[in-house]
Amino acid sequence: MSQKTNQFTIHEDWTVVILGFLIIGISLFIYLPAVPVFKWSNSADLQNDVFNIENIKELFLQFIYLLAIGVIGIFLVGKSVKNFLLGFPIVYLLTVIALILAGNSFIKGLNLEAVIFSLIIGLSIGNFFKLPEWFRTALSTEIFVKIGLVLLGTSVIFSDILKAGSLGLIQALVVVLSVWYFAFWLCKKFKVDEELTMMISSAVSICG
């Protein structure tokens with residue numbers, strides 16, 4: 001099944017840049033989504049804090065916000081908006097489940113993050129259930145990973161580097177470039193494909 005729905009398309013990397021700046025602009029001048037509560041220790045906390053009306057409302061607003069951003073991105077890269085609208089709510093629900101599991105105080109004590117539970121859920125579904133092709137192609141995970149890198153880089157610039165001053169900026173620049181080129185060289189040694197090499201190098205350098 002063809003995933004092209006419009007003639008006008010933009011390269012994925014440019015789409016990521018556009019969406020990244022769009023999210024930054026919206027957050028600075030229009031609307032900054034609240035962070036839902038996922039922390040809980042017992043069933044009472046789960047009911048009163050995580051599943052209370054206000055928190056569910058914040059989750060719903062976050063869902064609408066991310067859905068709108070995702071639709072713009074899917075449209076710009078020329079993929080099926082319809083398939084994305086069908087697949088994204090499922091992915092969002094599974095993500096919320098992973099965040100709730102990771103929000104438990106006992107789990108936090110084991111230093112297990114939500115990404116671990118997301119990975120377990122994803123691998124379980126992918127290996128035990130046969131997913132339709134339209135669902136797999138509708139996810140567009142690379143777009144959201146790249147957008148996350150743009151936003152993570154922004155948070156580093158405005159929180160840590162500005163506090164450190166000019167010397168901190170120079171040090172951060174040297175570290176980021178050094179780690180990026182080392183990760184790039186290492187990926188080339190292991191013969192990783194070019195697109196994944198660029199993404200891994202950028203992720204490692206920024207997160208590091």
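Which residues make a nonpolar surface patch of about 560 Å²? The legends below take you there, starting from the whole fold. Keep in mind that this is a predicted model.

**Figure 1. The protein is built from helices, with nine helices and zero strands.** Reading from the N terminus, you will meet the elements in the order α-α-α-α-α-α-α-α-α. Of the 208 residues in the protein, 30% are buried.

**Figure 2. Helix 1 has a buried side and a face turned away from it.** Let's begin with a length check. Helix 1 covers residues 12–29, and its 18 residues should span 26 Å at 1.5 Å a residue. The C-alpha atoms at its ends are 26 Å apart, so the expected span and the model agree. Now look for the buried residues of this helix: Glu12, Thr15, Val16, Leu19, Gly20, Ile23, Ile24 and Ile26. They sit on the same side of helix 1, because the arc they cover around the axis is only 165 degrees. The face turned away from this buried side carries Trp14, Phe21, Leu28 and Phe29, which are exposed. A handy rule helps here: an α-helix has 3.6 residues a turn, so residues three or four places apart point the same way.

**Figure 3. Phenylalanine 88 and tyrosine 92 form a tilted ring pair.** The structure holds eight aromatic pairs, and this close-up shows one of them. The ring centres of phenylalanine 88 and tyrosine 92 are 6.1 Å apart, and their planes meet at 35 degrees, so the pair counts as tilted. Both residues belong to helix 4 (residues 81–102), where they are four residues apart, about one turn of the helix. Are they buried or exposed? Phenylalanine 88 is buried, with a relative accessible area of 12%, and tyrosine 92 is buried with a value of 12% as well.

**Figure 4. Ring pairs link four residues into a cluster.** Step back from the pair in Figure 3 and look for its partners. Phe63 and Phe84 are linked with Phe88 and Tyr92 through ring pairs.

**Figure 5. A nonpolar patch lies on the surface.** Here is the reply to the opening question: the patch of about 560 Å² is made by Phe106, Leu110, Leu112, Val115, Ile116 and Ile120. Helix 6 (residues 114–128) gives the largest share of this patch, three residues. Isoleucine 116 is a good one to find, and its place is in helix 6. Its relative accessible area is 37%, so isoleucine 116 is partly exposed.

How values were computed:
Residues numbered from 1 in each chain as written. Predicted model: local features only at pLDDT ≥ 70, side-chain atom pairs only at ≥ 80, totals over all residues. Heavy atoms only, no water. Helix = DSSP H or I, 4+ residues; strand = E, 2+ residues; numbered from the N terminus. Expected span 1.5 Å × (residues − 1). Buried < 20%, exposed > 50% of the residue type's maximum accessible area, 1.4 Å probe, protein only. Arc of directions from axis to C-beta. Patch = residues over 30% accessible without salt bridge, like charges linked within 9 Å, V, L, I, M, F, W, Y side chains within 5 Å. Areas by Shrake-Rupley, 256 points an atom, 1.4 Å probe, with all protein chains shown as cover. Salt bridge = Lys/Arg side-chain N within 4 Å of Asp/Glu carboxyl O. Phe/Tyr/Trp six-rings, centres within 6.5 Å; stacked < 30°, edge-to-face > 60°.
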